[in-house]
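Here are my notes on the model, set out as numbered points. Please read them with the structure open.

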There are 4 protein chains.
Amino acid sequence: MGAVKTKRMPRAVREQQMLDAAVRTFGQRGYMAASMDEIAELAGVSKPLVYLYLNSKEDLFTACIRREAAALTAAVRAGVRRELPADRQLWEGLGAFFAHTSLNPDGWSVLHLQARTHGEPFASEAAAMRAEIVAFVTQLILAAAREAHRDPDFPESDVVGLAEALVGAAEALADWANATPGVTARQAAATLMNFAWSGLGNLMDGQPWTPPDAAHEASG
Amino acid sequence: MGAVKTKRMPRAVREQQMLDAAVRTFGQRGYMAASMDEIAELAGVSKPLVYLYLNSKEDLFTACIRREAAALTAAVRAGVRRELPADRQLWEGLGAFFAHTSLNPDGWSVLHLQARTHGEPFASEAAAMRAEIVAFVTQLILAAAREAHRDPDFPESDVVGLAEALVGAAEALADWANATPGVTARQAAATLMNFAWSGLGNLMDGQPWTPPDAAHEASG
Amino acid sequence: MGAVKTKRMPRAVREQQMLDAAVRTFGQRGYMAASMDEIAELAGVSKPLVYLYLNSKEDLFTACIRREAAALTAAVRAGVRRELPADRQLWEGLGAFFAHTSLNPDGWSVLHLQARTHGEPFASEAAAMRAEIVAFVTQLILAAAREAHRDPDFPESDVVGLAEALVGAAEALADWANATPGVTARQAAATLMNFAWSGLGNLMDGQPWTPPDAAHEASG
Amino acid sequence: MGAVKTKRMPRAVREQQMLDAAVRTFGQRGYMAASMDEIAELAGVSKPLVYLYLNSKEDLFTACIRREAAALTAAVRAGVRRELPADRQLWEGLGAFFAHTSLNPDGWSVLHLQARTHGEPFASEAAAMRAEIVAFVTQLILAAAREAHRDPDFPESDVVGLAEALVGAAEALADWANATPGVTARQAAATLMNFAWSGLGNLMDGQPWTPPDAAHEASG
DNA sequence: TATGAATGAGAGTTCATTCAT
DNA sequence: AATGAATGAACTCTCATTCAT
């Protein structure tokens, strides 16, 4: 079951093996249901060695979150060419995002499900990474407005709401693509671009969807 | 701390007290970290009574999920007038959704976080409710197409992707609204309508955002 | 080995059984070497019940210290008639002390050895009891001075030193009597009265302090 | 924190460094709470080297006890001039004893607390040293009797009891002096001489044993 | 002479669950 | 309808100790 027992590895290598095993176990079993015993066995080492190197279950989980968060943001960053127009940047970023989450489902589960579900200090770690992405998307939206020669008349706090919505949609589609056979990363990205850009495009043109006002609603 | 100890209640009432306590505890502590001891104390009864009525921790959690799922879908359904046009239905549904999640944060946490995080059989329970909502949204999108006298030329599976994205965006905005003071349910709904409908509106008009083809991309 | 398994005892009774087992185990094995498993088995219950009632190893040990300290000081107090002259009070107190320590060697080990050896919060608990005894002895010495119509010309802090010495001598003789077959509590008390009251200098002059014989005591 | 890492020391030197670290750690943490890790780090060497030289935790602790016992008895012996009368020998011995224990609190804790608390084979090691001191005191008492031209009419076993009491008093005063700021070794010795030699009875009559003043002592 | 890498064994603690009334 | 008494099983974490170099 576990990894082949290769003896006497240098510490740095062993640590990565342990993190690999931990991400897999946390991602599949969940943080609380994962036992240090199982992680150690999957890593091919004894439990005390895990504690010697990673200190505690909390620290181990935190290390997993950080590693996976760094890997995800790095993948997105590496996939985006900043010299392109905003919509092209978003397209590339989404493609990189869906590609990464589909290749690293356990890491994605750690970041998106486990870290957010089990309170502090984990939630904050995951929230930090998410905030980074939301900020990036926010900048893209503002850039798109500039490119369309529009000084957006809505306040930046509204833009954050839009970015939150877009990121949330991406997260949901990542789960959906992972769970639905036959949906590729590219298709997920295309669906989300259709949904988000055609919508945002209209917004940029100053034609938001208008809510019915309350008075009208009451009489309607 | 816990409920006042009132003795000899009829079973149905006691069960609701227990479910109240359980939803609160599961929502705040998480499924695994919540202890039957704490739930029983918060419900104001002894532990054996919880087992007598709800059978096991799994069954108790499942009962929570079902109750909260039913409550959420009922709230949304009750908030929507089916005779209205699709966009107005969506607006009303989102308003009801955000109102409910902001008034029931523990129930929302149970459904959106806890149930999805702790494997079977809970994930399926939550997925069933979510599928219902996604189906409703899918129907709304198709209805909107018909209202615009468009026979959508994209397959229904694509529509499901759009619905998934919309629902994901709604979930994220619910979390965001709950976590951000000063964001009301109505504002969240307006933000999402802007994002989703202006976008979907464009789609309905046959003007999707077009991905650059790969050959072109390599040369660009 | 362990106590007979008597089932379904009221909590108060079980707690005493647990404390009995704990004092015995801590006294013989030492605080750290004693395992909760062993204590539970000796008490005839399962480990979780020990934790349910006594909370933790620390709390259990603290409870032992308190119980044994209370028992020891109560025994000494009960053995002393306050209306007697100081030397007679000391004689009675020492008799009661040595009798108690010889009948409760495990409790004495807990108080004198284990509690002092394993840091806070245990040391303070034991020190509190010891301070009480030192204070009692200090009062006896001052009373003796008054009885001899002497206003002692040395400061009270010096008296505390003398009391410390006397208590230390008593502690050592308790260990010695417990370890040396054939040395009774009464003999230990007589030795210490000789040492402490008459003083070695007087002993050399052939004037030992004379214990009142038992017959006389009964009538007095 | 730990010792400076100087490499390639001769074995004898390294062993002393280890024993220094071990005495300090055992004295402060206690035998069981002290970890070989901490001792090795404090000694500035790796754990396997400690095992290579000292063999096991038990052997290491035994070596500590022996070294500290030898140091204490040597200090007392070196402080006593055998040609003096018995009371002066006692005075000098106590002075040396209190001086040593106050300068070596960790060693004293190892001998007086730790070694006695953790069973065999440690208790026996400490008991051997203590027996030596008790024997020395016993001889002093008998010598005092001879000097007073008294053939003590009580059996030698009684004398042993007196010696035990005196040693116990000294031990307690050593702890007391270490724990009470402002009490010097000389004061502790004076208090004990008063207590032990003149006797409380004599003290009441205003005839304390008088320590020879320092000037006289230097010339004598 | 000296150490980085590694572990078997066991500790304290917690929890879902049941029995007897 | 309701509970005080009780536990099997599992968990995180630590430590003395050894191997291979």
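1. Basis. This is a predicted model, in which local features need pLDDT of at least 70 and side-chain atom pairs count only at pLDDT 80 or more, while totals for chains, interfaces and linings use all residues. Residues are numbered from 1 along each chain as its sequence is written, chains are lettered from A and ligands numbered from 1 in the order in which they are written, and side-chain values use heavy atoms, with hydrogens and water left out.

2. Surroundings of DNA strand F. A residue is taken as near a strand if one of its heavy atoms lies within 4 Å of it. By that rule 39 residues surround DNA strand F, and the closest are Lys47(A), Arg8(B), Arg8(C), Pro48(C) and Lys47(D). Of the atoms of DNA strand F that come within 4 Å of the protein, 55% belong to sugar and phosphate. The surface near this strand is made up of 19 nonpolar, six polar and 14 charged residues. In this grouping Ala, Val, Leu, Ile, Met, Phe, Trp, Tyr, Cys and Pro are nonpolar, Asp, Glu, Lys and Arg are charged, and the others, Gly among them, are polar.

3. Helices at DNA strand F. Helices are DSSP runs (H or I, at least four residues), numbered from the N terminus. Those supplying at least two residues each to the surface near DNA strand F include helix 2 (36-43) of chain A and helix 1 (11-29) of chain C. Helix 3 of chain B gives the largest share, four residues.

4. Phosphate contacts of DNA strand F. A polar contact here is a pair of N or O atoms within 3.5 Å. A backbone N or O atom of Met36(A) is 3.1 Å from a phosphate oxygen of DNA strand F, and a polar backbone atom of Arg11(C) is 3.3 Å from a phosphate oxygen of that strand. Tyr51(D) uses its side chain: one of its N or O atoms there is 3.2 Å from a phosphate oxygen.

5. DNA strand E. Which residues come nearest to DNA strand E? They are Arg8(A), Pro48(A), Lys47(B), Tyr51(C) and Arg8(D), out of 39 residues around the strand. Sugar or phosphate makes up 53% of the strand atoms within 4 Å of the protein, and bases the rest. The surface near DNA strand E has 19 nonpolar, six polar and 14 charged residues. Phosphate oxygens of DNA strand E lie 3.1 Å from a polar backbone atom of Ala34(B), 2.8 Å from a backbone N or O atom of Lys57(B) and 3.1 Å from a polar backbone atom of Ser46(D).

6. Record. An unreviewed UniProt entry places a "DNA-binding region" at residues 35-54 of chain A; such annotations may be inferred rather than shown by experiment. In the model, residues 35-54 of chain A are 80% helix and 0% strand, with the end C-alpha atoms 14 Å apart.

7. Aromatic residues. Rings of Phe, Tyr and Trp (its six-membered ring) pair if their centres lie within 6.5 Å; planes under 30 degrees apart are stacked, over 60 edge-to-face and the rest tilted. The whole structure has 30 aromatic pairs over all chains. One of them, Phe97(B) with Phe98(B), is edge-to-face, at 5.4 Å centre to centre and 65° between the planes. In chain A, Phe26(A), Tyr31(A), Phe61(A) and Phe122(A) form one aromatic cluster.

8. Cysteines. With a disulfide defined as a pair of cysteine sulfur atoms within 2.5 Å, the count is zero over all chains.

Note on methods. A polar contact is a pair of N or O atoms within 3.5 Å; within protein, one must be able to donate a hydrogen and the other to accept it, and residues adjacent in sequence count only if both atoms are side-chain atoms.
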